[in-house]
Amino acid sequence: MVRSAHDISDGGLLIALAEMSLASNGLGADIELPTNEGDRLDATLFSEAQSRILLSAAPGSRGSY
């Protein structure tokens, strides 16, 4: 089900998403961010916290696990 994986380190989630999109010929992405009250959007998008991974999956594979 997983097509690719990318570490979220230098630049955070937004940079990893851009790098993955460019590597796949610029196809783009449809993402959902968790909405926890009190979380800052800039921290969610640009945090360089360790041990996070961005995964991609084929369209239509959602909920098929």
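Ser4 stands opposite Ser56 of strand β2, a pairing that offers a convenient point of entry. The model is a predicted one, in which local features need pLDDT of at least 70 and side-chain atom pairs count only at pLDDT 80 or more, while totals for chains, interfaces and linings use all residues. Residues are numbered from 1 along each chain as its sequence is written, and side-chain values use heavy atoms, with hydrogens and water left out.

The secondary structure of the protein chain comes to 2 helices and 2 strands. Helices (H or I, at least four residues) and strands (E, at least two) are DSSP runs, numbered from the N terminus. Along the sequence, these elements follow the pattern β-α-α-β. The C-alpha trace of the protein chain spans about 30 × 25 × 20 Å along its principal axes.

The two strands may be considered together. Strand β1 (residues 2–7) is joined by 5 bridges to strand β2 (residues 53–57), and the two run antiparallel. Strands are said to pair if DSSP finds at least two bridges between them. The C-alpha atoms of Leu55 and His6 are separated by 6.6 Å, although these residues lie 49 residues apart along the chain.

The next matter is burial. A residue is buried under 20% relative accessible area, exposed over 50%, and partly exposed in between (1.4 Å probe, protein chains only). Buried residues make up 17% of the 65 residues in the protein chain. Strand β1 lies largely in the open, because the number buried among its 6 residues is 0. Strand β2 contains Ile53, Leu54 and Leu55. Ile53 is exposed, with a relative accessible area of 60%; Leu54 is buried, at 14%; and Leu55 is exposed, at 51%. In a regular strand the side chains alternate between the two faces of the sheet.

Ile53 and Leu55 also belong, with Val2, to a nonpolar surface patch of about 310 Å². Patches are made of residues with over 30% relative accessible area and no salt bridge; like charges are joined within 9 Å, and nonpolar side chains (Val, Leu, Ile, Met, Phe, Trp, Tyr) within 5 Å. Accessible areas come from the Shrake-Rupley method with a 1.4 Å probe, and for residues only the protein chains shown count as cover.

A second patch is negative and is formed by Asp7, Asp10, Glu19 and Glu48. Lys and Arg count as positive and Asp and Glu as negative, whereas His and the chain ends are not counted. The place of a charge is taken as NZ of Lys, CZ of Arg, CG of Asp or CD of Glu. Within this patch, Asp10 is found in the loop between β1 and α1 (12–23) and is exposed, at 65% relative accessibility.

Attention now turns to helix α2 (residues 41–46), which includes Phe46. Phe46 is partly exposed, with a relative accessible area of 42%. The C-alpha atoms of Phe46 and Gly11 are 5.6 Å apart in space, while the two residues are 35 residues apart in sequence.

The structure holds 1 salt bridge, a term for a side-chain nitrogen of Lys or Arg within 4 Å of a carboxyl oxygen of Asp or Glu. The partners are Asp42 and Arg40, whose closest N and O atoms are 2.6 Å apart. Asp42 is partly exposed, with a relative accessible area of 41%, whereas Arg40 is exposed, at 55%. From Arg40 to Leu54, 14 residues apart along the chain, the C-alpha separation is 19 Å.
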